[in-house]
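Take a look at the model below. Start with the ligand, then work outward into the protein.

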Amino acid sequence: MMDERKITVLGIGGSGCRIVGILKNNPLASPLHLVAIDSDAAGLESSGLDENFRLLAGERWRNGRGCGGSVIDGQRVVAHERSRIEKLLDGASFLLVVGGLGRGTASGGMSVVLSVARKLEIPTLFVVTLPFTLEGHSRRKIAEDTVKNELLGLADAVICLPNDLLFSVLEPTTPLSNAFKLADQELSRTVLALTMVLLHGNLLAADFGSFITLLKKKKSFCSIGVGVASDEMEPEKRGEAAMERLLQSPLLGGADKLGDADAVIFTLLGGPELSLGESRHILELAARQVKPDTQLIVGAATGEEWANQIQLSAVTVKFDAESEAAELLRSSSAPHPRRTRAGFAGAHGVDGDQLTLPLEPVSKGIMERGPQVKWGNEELDVPTFKRRNITVDNGKTGVE
Ligand SMILES: Nc1nc2c(ncn2[C@@H]2O[C@H](COP(=O)(O)OP(=O)(O)OP(=O)(O)O)[C@@H](O)[C@H]2O)c(=O)[nH]1
Ligand SMILES: [Mg+2]
């Protein structure tokens, strides 16, 4: 079922390395080319990969001890390894980057990986988790900034999975480490399904073009569900069984997530015995879970490796309402080739009063006690706009 294309899956940071480690132990993932990057030697070890396929970033600065949650250090250490990253990605025809956002190495390093991939012209998909709310505001901010400023619109596609979804199905008493293990399991299965079907959908090819258009620019929140069933129990019922398990997946966030999604990507993997008829039946079953106007992308692949079992996966996509509204506003406002004051005010429906920035009287700071610097009658330690009584246009309507 494989063709000559090389699909590289790169795990970055502690969480990314663990997910790659799970894939490494899964014989079904053997067609994938797995690589890992971390600034933490122990994290890298959990990928289980050989020296040639892993990269300890910034060893000289961090001594293999990770970035301790510093996103700036993460970016610095990974940026230092550009040429080694190029070698890791060499020959890839498709790249999937997986990792947890919110701390240092993955959050800082993903933009570097992306820029190397772009230089090598490799189509790239990011599958990232957003931190639990209980991890605190600063981690969430790091994660959101990374998605918004470094990945969206630049990567071919970004799938963001909020870890909080785990709470909807797990008992509150579940230890965090167990929750992470479950998330890793689901993530690794979804990564497998996406790579297999997007590139080798021999039964029903997923439309990669629509997939990219869907996930490229708009901020969205995704969730994933995976259901595995074998035909040992009741061969003709395995579709229903897989669907049922999918609905209970820990990172799906409940059946409502399917019913409420703007778009869903369904993928089905199965053994050679999976017929076109059965796969249609299963995918129809899946499609019934979504609204009629939900955009659906479906794909199915078969391979010897999956003999007598099927795996149905769903990636649900919900566009961020705020960013959609902002986009609409942008596209509906009239273009103004030169932003003259009149043109600007007209476009925003404001005429008349000029708006002012809420500037406070400025202190001279450390110059306060120093000798006065004068030019004619003007005291140069006082900002020009103050000396000349200039009102500054803040360029916005309404109250700040
Ligand atoms: N799925 C999963 N997510 C994890 C796990 N550990 C941490 N996370 C999440 O991933 C985020 C990033 O954590 P790590 O991957 O450990 O961070 P890192 O990229 O190695 O960064 P540094 O350790 O600061 O160098 C965290 O904020 C958590 O939300 C894990 O075992 N599995
Ligand atoms: Mg780490």
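Helices here are DSSP runs of at least four residues, numbered from the N terminus. So H1 is simply a label for a helix, counted from that end. Keep in mind that this is a predicted model.

Begin at ligand 1. It sits in the largest pocket. Around it stand 23 residues. The closest are Arg18, Gly69, Thr105, Glu135 and Asp184.

Which helices help to build this shell? Helix H1 (13–24), helix H6 (105–119) and helix H8 (176–200) each supply at least two of its residues. H1 gives the largest share, with four residues.

Now sort the shell by class. Eleven of its residues are polar. Six are nonpolar, and six are charged.

Next, zoom in on single atoms. Oxygen atoms of ligand 1 take part in several contacts. One lies 2.6 Å from a side-chain N or O atom of glutamate 135. At arginine 103, a polar side-chain atom is 3.2 Å from an oxygen atom of the ligand. Glycine 14 uses its backbone instead: an N or O atom there lies 2.8 Å from a ligand oxygen.

How much of ligand 1 does the protein cover? On its own, the ligand has 640 Å² of accessible area, and the protein covers 92% of that.

Finally, turn to the aromatic rings. The structure holds one aromatic pair. Its partners are phenylalanine 132 and phenylalanine 180, in a tilted arrangement. Their centres are 5.5 Å apart, with 50° between the planes. The pair links distant parts of the chain, 48 residues apart. Phenylalanine 132 lies in the loop between strand E5 (124–130) and helix H7 (137–151), whereas phenylalanine 180 belongs to helix H8. Helix H8 also supplies at least two residues of the ligand shell.

Notes: Residues are numbered from 1 along each chain as its sequence is written. Chains are lettered from A and ligands numbered from 1 in the order in which they are written. This is a predicted model: local features need pLDDT of at least 70, side-chain atom pairs count only at pLDDT 80 or more; totals for chains, interfaces and linings use all residues. Side-chain values use heavy atoms; hydrogens and water are left out. A residue is near a molecule or strand if one of its heavy atoms lies within 4 Å of it. A polar contact is a pair of N or O atoms within 3.5 Å; within protein, one must be able to donate a hydrogen and the other to accept it, and residues adjacent in sequence count only if both atoms are side-chain atoms. Accessible areas come from the Shrake-Rupley method with a 1.4 Å probe; for residues, only the protein chains shown count as cover. On a 1 Å grid over the protein atoms alone, a cavity is a set of points where a 1.4 Å probe fits but cannot get out, and a pocket is an open set with protein on both sides within 12 Å along at least five of seven lines; lining residues have an atom within 4 Å of a point. A molecule sits in a cavity or pocket if more than half of its atoms lie within 2 Å of its grid points. Ala, Val, Leu, Ile, Met, Phe, Trp, Tyr, Cys and Pro count as nonpolar, Asp, Glu, Lys and Arg as charged, and the others, Gly among them, as polar. Rings of Phe, Tyr and Trp (its six-membered ring) pair if their centres lie within 6.5 Å; planes under 30 degrees apart count as stacked, over 60 as edge-to-face and the rest as tilted.
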